[in-house]
Amino acid sequence: MLGQLLGPVAGLANSWLDAKSQAQAASAKLKLTEAEAKAKIMLSKETSVADWERIMAQGSQSSWKDEWFVIVLSIPLVLAFIPGTEGWVDKGFEQLSKAPDWYFYSLGIAISASFGVRGVQKFFKR
């Protein structure tokens, strides 16, 4: 009689343990799947950034845009050391101080795009 009572209880306990084990296995599999998906997304993101940088580098090989900005930005620096031209530099910066903010934002964006936005971000993190 005791065996007849314990048999169904043992079967019930066994099926409960099996269900709990399966739930834990499913949870672990879900976490693994999520981790793999996140890893693929990160790899895809890094690959896209690397591809974009490669394309931009190839496009700028025959471009004078970067050099032009360097030359234009260097002119006031050079003129400041040439006797008789420092007044031009002062007047130029005085006139620029009257320019609207949107002009400087636009200029900053153009220069950042020329030299690479990622490079500018690294500069400002210092």
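**Threonine 85 and an aromatic surface patch**

A polar atom in the side chain of threonine 85 sits 2.5 Å from the backbone oxygen of leucine 79. A second backbone oxygen, that of isoleucine 82, lies 2.7 Å from a polar atom of the threonine 85 side chain. Threonine 85 itself is found in the loop that runs between α2 (65-79) and α3. With a relative accessibility of 11%, threonine 85 counts as buried, because the cut-off for that label is under 20%.

Stepping back to the whole chain, it helps to keep in mind that this is a predicted model. The mean pLDDT of the protein chain is 78, with 73% of its residues at 70 or more. Confidence isn't spread evenly: helix α3 (residues 86-96) has the highest mean, at 91, while helix α5 (residues 117-124) has the lowest, at 59. Where pLDDT is low, the predicted coordinates shouldn't be read in detail.

As for the fold elements, the protein chain has 5 helices and 0 strands, so that from the N terminus on the order is simply α-α-α-α-α. Of the 126 residues in the protein chain, buried ones make up 6%. The accessible surface of the chain comes to about 11,000 Å², and carbon and sulfur atoms account for 68% of that surface.

Part of the surface stands out as a nonpolar patch made of Phe93, Leu96, Trp102, Tyr103, Phe104 and Leu107, which together have about 590 Å² of accessible area. Two elements, α3 and α4 (101-115), each give two or more residues to the nonpolar patch. Helix α4 gives the most, with 4 residues. One patch member, leucine 107, lies in helix α4 and is partly exposed, at a relative accessible area of 31%.

The patch also brings in some aromatic rings. The structure holds 3 aromatic pairs. One of them joins tryptophan 102 and tyrosine 103 in an edge-to-face arrangement, with 6.4 Å from centre to centre and 80° between the planes. Tyrosine 103 also pairs edge-to-face with phenylalanine 104, here at 5.5 Å centre to centre and again with 80° between the planes. Taken together, Trp102, Tyr103 and Phe104 form one aromatic cluster.

How open to the surface are these three rings' residues? Tryptophan 102 has a relative accessible area of 58% and is exposed. Tyrosine 103, at 35%, is partly exposed, and phenylalanine 104 also counts as partly exposed, with 37% relative accessibility.

How values were computed
Residues are numbered from 1 along each chain as its sequence is written. Side-chain values use heavy atoms; hydrogens and water are left out. pLDDT is the predictor's confidence in each residue, from 0 to 100. Buried means under 20% relative accessible area, exposed over 50%, partly exposed in between (1.4 Å probe, protein chains only). A polar contact is a pair of N or O atoms within 3.5 Å; within protein, one must be able to donate a hydrogen and the other to accept it, and residues adjacent in sequence count only if both atoms are side-chain atoms. Accessible areas come from the Shrake-Rupley method with a 1.4 Å probe; for residues, only the protein chains shown count as cover. Patches are made of residues with over 30% relative accessible area and no salt bridge: like charges are joined within 9 Å, nonpolar side chains (Val, Leu, Ile, Met, Phe, Trp, Tyr) within 5 Å. A salt bridge is a side-chain nitrogen of Lys or Arg within 4 Å of a carboxyl oxygen of Asp or Glu. Rings of Phe, Tyr and Trp (its six-membered ring) pair if their centres lie within 6.5 Å; planes under 30 degrees apart count as stacked, over 60 as edge-to-face and the rest as tilted.
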